[in-house]
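Hi,

Here's the structure I said I'd pass along. Have a look when you get a minute, and my notes are underneath.

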Amino acid sequence: MTAQQETSGTRLGRGNDALPTKRYVMHLVLYDGRCALCNGAVRFLLRIDHRGMLMFASLQGETARSLKAMWERRDVSVILVSHLGTPEETVRDKSDAFLEIFRLLGGWWKPLAMLKVVPRSLRDCVYGWIARHRYRWFGQYPYEACPIPSPQHRERFLP
């Protein structure tokens, strides 16, 4: 994909006009917008994603509702959709999503992707344990009070 295509006014896949974006979405992170841990992870990813490769959308928002078939049967708090709306589209969840995010970010984070050698069942067991306790350990936001992204990052969030 050329830089021109990446910054064009292309809309998200599936022909959904309700999801406009200023650029083509290559990697979309769907996260639990009510979870304080998940919001902290998104803020962390915004800080380390210097190339602006990741876009974000809350699982409680319009974008996630339009993509619900990808995640409605999954007990997850994070999903990574790569190459959204293209023939190369892939959906990763749980520990696979995080490991792929680190691989995509490259640099100092890429070695974390080597944790993929750990069996997925073990990685997802740890993921599930944290996910089950995340509200109790880290708290949650009331639905009406989900954090709003800073002005410099607002364009990286979909409704």
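Below is what I found, starting with the cysteines and then moving on to two of the helices.

Bear in mind that this is a predicted model. I went for the disulfides before anything else, and the count is zero. Cys 35 is the one I'd point you to: the closest cysteine sulfur to its own belongs to Cys 38, at 3.1 Å, which is too far for a bond. The cut-off for a disulfide is 2.5 Å between the sulfurs, so the pair doesn't make it at 3.1 Å. Cys 35 is also buried, with a relative accessibility of 0%.

Next up is helix 2, which covers residues 36-48. From first C-alpha to last, its 13 residues reach 19 Å, close to the 18 Å you'd expect at 1.5 Å a residue. Cys 38 turns up again here, as one of the buried residues of helix 2, alongside Ala 36, Asn 39, Val 42, Leu 45, Leu 46 and Ile 48. What do the buried residues of helix 2 pack against? Two strands and two helices: strand 1 (27-31) and strand 2 (54-58), plus helix 5 (94-105) and helix 6 (120-138).

Helix 6 is also where you'll find Asp 124. This residue counts as buried, at 16% relative accessible area, because the limit for buried is under 20%. Its side chain makes a polar contact with the side chain of Ser 95, at 2.6 Å. Setting aside neighbours within four places in sequence, Asp 124 is in contact with Lys 94 as well as Ser 95.

Cheers

Notes:
Residues are numbered from 1 along each chain as its sequence is written. This is a predicted model: local features need pLDDT of at least 70, side-chain atom pairs count only at pLDDT 80 or more; totals for chains, interfaces and linings use all residues. Side-chain values use heavy atoms; hydrogens and water are left out. Buried means under 20% relative accessible area, exposed over 50%, partly exposed in between (1.4 Å probe, protein chains only). Helices (H or I, at least four residues) and strands (E, at least two) are DSSP runs, numbered from the N terminus. The expected span of a helix is 1.5 Å times one less than its number of residues. Contact means heavy atoms within 4.5 Å. A polar contact is a pair of N or O atoms within 3.5 Å; within protein, one must be able to donate a hydrogen and the other to accept it, and residues adjacent in sequence count only if both atoms are side-chain atoms.
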